[in-house]
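Here's a quick briefing on how two chains sit together, with a look at one helix and one pocket. Have the model open as you read.

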Protein chains: 2
Amino acid sequence: MTNPTSGHTVESFNEEMRREHRTVLQMGALVRHQIRNAAKTLRDEDPEAARKVIADDLEVNALDIQVAAHVEAILARRTPVASDLREVLTVAKIATDLERCGDEAGKLAKLTIHFFDSPAIAPNYQLLQEVSKVAGFVDLMLQESLDAFDARNIDSACEVIRTAESLDGEFRSALRRLMTFVLEDARSIGQFVDVVLAIRALERIGGHAKNIAGYVVYLVTGRDVRHEDLAAIERDLKITDSIS
Amino acid sequence: MTNPTSGHTVESFNEEMRREHRTVLQMGALVRHQIRNAAKTLRDEDPEAARKVIADDLEVNALDIQVAAHVEAILARRTPVASDLREVLTVAKIATDLERCGDEAGKLAKLTIHFFDSPAIAPNYQLLQEVSKVAGFVDLMLQESLDAFDARNIDSACEVIRTAESLDGEFRSALRRLMTFVLEDARSIGQFVDVVLAIRALERIGGHAKNIAGYVVYLVTGRDVRHEDLAAIERDLKITDSIS
């Protein structure tokens, strides 16, 4: 409650926060759209569509600026405390992470441009297969983290954190497979580098989904779990559960 | 001013903010220490020291948690507005970016481990030269962004943003040089990938330095310049200067 003596102020705060909550979910939908579209431009071998995906980032950036400005105004005018304050801070943090996901999606779109916009040599399609796989994987992670935020669901948030912990291993396996392809055809080294960097960008999106899941735990419990491992988080949440 | 009717509150706010300001600079010093130490472990071929650099990240993480908790407490108790509020939010944002720089420095330390901890093949020293160069470059950028924050100096902040705009080009040139080395010795493809990822991690530190410089412009002017290019920022700042 921002001010328990004034029902009007409380109502206005809730209304303003509902609006920011919706904006953040809208940003999330846009970013997921960017990721899936970027992956599609790669399958369709369509550099023109890839340029559009990069341009779409302006919309995400504009929403990011808007959320930051609203958050500042809400903090100044409503002076929220406790769980209300956490809600405001969480919205600001999620918007920042989503904005960076948009940048990473742009890097995936650049891969399409590098591969199919007047390529110097024939595209190595084996390399591209790995990218599609990882794109689908992190898009799902991002969806799950945003759903967890929308429903304030800690179990789902922990599930995202669990998935994220296996992400580095997945990335390393993909790299090993990619290396065998480039050893078979050394001329594709430039394409190989582009693919490695695109997969790294996608891995970063998975990292942002993990951050968002961490914020959900903070939002609901007040606990900052960003630097803890999942076992510690779940153990403590269970203890809290059994006490309450 | 948090509350112009109470000198005591204003004084306490300023005191608390001085403390957070110092903590953020301390975090910055630690992270720069990590970057330089990680680069040194590579020159010294010392995987043991590299493990220590990775362990040092715990200290940075602890400071990050501390700043976030203090920021939340200051917002709840002091309810700052206007430039005071911007100061609180800036400190929180810089701490988040510095914490991520610490993670990236850890990736550089991992390169030392991959190269020199029971390596499968002889290290390709040509590949490593590029890493040292980029490490020195982004360490300097980070220092300049932190100095700009400490002095609230917009000109220095713009200089960091200018440097950051050339960073992608530098990265691409380094990649091209690295590719020629791996073409001469295809067996070093695994080392090549590790180096590419380490340089990408360093480039991310440069990106965080740019973010910090952007927050300095926001802190001083109230303007959110994260998604603007430098020419637009400088033009508008000049116009503001000549009016005031």
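Turn chain B by 180° with 0.0 Å of shift along the axis and it lands on chain A with an RMSD of 0.0 Å (a least-squares fit on C-alpha atoms of residues with pLDDT of at least 70 in both copies). That's the relation of a two-fold axis. This is a predicted model, where local features need pLDDT of at least 70, side-chain atom pairs count only at pLDDT 80 or more, and totals for chains, interfaces and linings use all residues. Residues are numbered from 1 along each chain as its sequence is written, chains are lettered from A in the order written, and side-chain values use heavy atoms, leaving out hydrogens and water.

**Symmetry and interface**
- Thr79(B) is the residue of chain B that comes closest to the rotation axis, with its C-alpha at 2.8 Å.
- The copies meet through the same surface, because 100% of chain B's interface residues are also interface residues in chain A (contact means heavy atoms within 4.5 Å).

**Helix H3 of chain B**
- H3(B) covers residues 82–116, 35 residues in total, and reaches 52 Å from first C-alpha to last, close to the 51 Å expected at 1.5 Å a residue (1.5 Å times one less than the number of residues; helices are DSSP runs of H or I, at least four residues, numbered from the N terminus).
- Of those 35 residues, 26 are buried (under 20% relative accessible area with a 1.4 Å probe, protein chains only).
- Just past H3(B), Ser118(B) has a positive phi of about 40°.

**Second largest pocket**
- This pocket holds about 700 Å³ of space (an open set of points on a 1 Å grid over the protein atoms alone, where a 1.4 Å probe fits, with protein on both sides within 12 Å along at least five of seven lines; lining residues have an atom within 4 Å of a point; the volume is the space filled by probe spheres set on the points, which are joined across faces, edges and corners).
- Its lining has 38 residues, and those closest to the centre are Ala92(A), Lys93(A), Leu89(B), Ala92(B) and Lys93(B).

Conventions
Helices (H or I, at least four residues) and strands (E, at least two) are DSSP runs, numbered from the N terminus. Buried means under 20% relative accessible area, exposed over 50%, partly exposed in between (1.4 Å probe, protein chains only).
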